[in-house]
Amino acid sequence: MIIVLVVDTFDQLNNGTTITAYRFAQSLRARGHTVRVVSTGDAGPDKYIVPEAYYPVATRFAHSQGIAFARADEQVLRSAFAGADVVHLLLPLRLECKAAKLARQMDIPTSAAFHLQPENVTYILHIDKVKGLANGIYRFFHHIFYKHFDHIHCPSRFIAEQLQKNGYTAKLHVISNGVDDDFAPPQAPPARTDGLFRILMVGRLSPEKRQRVLLEAVARSKYAARIQVYLAGNGPCREKLMRQGASLPHRPIFGFYSKADLIALAHSCDLYVHASVVEIEAISCMEAFACGLVPVICNSPQSATRQFALDSRSLFAPDNAQDLARKIDYWIEHPCQRAQMSRAYAAQGDEYRLCRSVQKAEAMFREVIVDHQKRRAEAPGAQHRDIPHEAADV
C-alpha cells in the first residue's frame, strides 16, 4: 500500500504522537509499504514538508511543549496524495482538517487517529476545574474533524470509551501505539555498590504529568536518604521541578535521552513511577515495564495507564504523595516481590509489541480502503479506483 501520514510534528521525538507516527512509519516501511509523511521539519525520503504556522501566543506555548503547528500547502498535499491508497491523519488541527478535505476531493480513502486528549489541553492551560469543558472539547473535535471519518484509531480502550460517551459513531479501532522490541529486560542485572534506590519517570515536564507529586512522595518516604530520582524529558516545568528537588537528599537528575541511553537508564533503575493524571496510553510506562521495571501508576479516571497495573501495589491515589510514598516504601522493603513482579511486567510488555500493533494498523487501513470502494460502487455513475491487491483480499 501507499500510505500517507499527516502530522504537524514528525522529527522531534518528544511526545507520544510524534513517536507513534515515526515508529509506525518505520515499521510499515519495513513490511514493504510505501509511507509518505506530510509534516513540518527537515527534508527526508518520502517526506513532504509544509511550513510552520505562527500564532503570537499559541506558537510560543507549543514550542515550550516541544511541538509545532503546521500550515497546509495544497500543492505539497496534492503531491503527497498522488496515487495514495489511504491517508491517515493523526491530529484534529488545521493541517489535518485541510488535508482531510483535500483527500475527500481527490477521492482517496481516509482514516484518523485520536491522540490529543482534551484533558491534556485543560490541564496544561490550568482550566481543568471548569466543569464539562473536556467533554465540550471532545464534541468540538468531533464537529470540526472526526465526524468526517468512518474509522478512527484509538490507542486504548479507555479513549475509545470516551469517544463513545461523547457521541462518536465511527468504527473505533483499539490499537496500542506499541513497544519497540529493543525495550526488553537486561541480560544481567547491573552491578551497583552505592546503595541507592533508583526511581525513573519519563515524560514531558508539564503540569498534568505530576512529576512534582513524585518528588513530594520521595521527600515523605522513610528511605528518602537513599532514593535517587531520574526525570527523563523536557518541558515548561523543568526549572520549578529543579527547585523543588533541590531539597531532597539526592537531587533529581534531569535529562533528555536517546533510545539507547533511555534503555540503559531503565536497566539501571529499580522502580518506575507514572504520576500523570491524564493519559491516552503512555508509551513511556509501557517501555519501562517491558524493560522489567515494576511501575507505580496514578489511578486517575482520566488516564488509560492504570490498565497496566497487575495489582493494587502498582497503583496510587491521584495527587496523593503520601499514598505514593507508601507504595515506594513497600517496593523498597520487598525486593523479592519486586523481582517476581518484574518478570510478570516484562511478560506483559510482550503483549504490546509494535509488530502486533502495525499488523492491526494494516488491517484497519485495508478495511478503510474496502469500505471506501464499496461506497463508491453504490454511488450511481461513479468511476471506480482499483482496490490494492492486498486490500482486496480482506
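**View 1. The whole chain, with its 15 helices and 13 strands.** Helices (H or I, at least four residues) and strands (E, at least two) are DSSP runs, numbered from the N terminus. With a radius of gyration of 22 Å, close to the 21 Å that the globule rule gives for 394 residues, the protein chain is as compact as a globular protein of that length. That radius is taken over C-alpha atoms, and the rule is 2.2 Å times the number of residues to the power 0.38. This is a predicted model: local features need pLDDT of at least 70, side-chain atom pairs count only at pLDDT 80 or more, and totals for chains, interfaces and linings use all residues. Residues are numbered from 1 along each chain as its sequence is written, and side-chain values use heavy atoms, leaving out hydrogens and water.

**View 2. Phenylalanine 114 meets tyrosine 146 in a tilted pair.** Rings of Phe, Tyr and Trp (its six-membered ring) pair if their centres lie within 6.5 Å; planes under 30 degrees apart count as stacked, over 60 as edge-to-face and the rest as tilted. Here the centres sit 5.0 Å apart, with the planes at 35°. Phenylalanine 114 comes from the loop between strand E5 (110-113) and helix H5 (118-124), while tyrosine 146, 32 residues apart, comes from the loop between helix H6 (133-144) and strand E6 (151-154). Both are buried (under 20% relative accessible area; exposed is over 50%, partly exposed in between, with a 1.4 Å probe and protein chains only).

**View 3. Tyrosine 330 and tryptophan 331 pair up edge-to-face.** Their centres are 5.1 Å apart, with 80° between the planes. Tyrosine 330 is partly exposed at 22%, whereas tryptophan 331 is buried at 0%.
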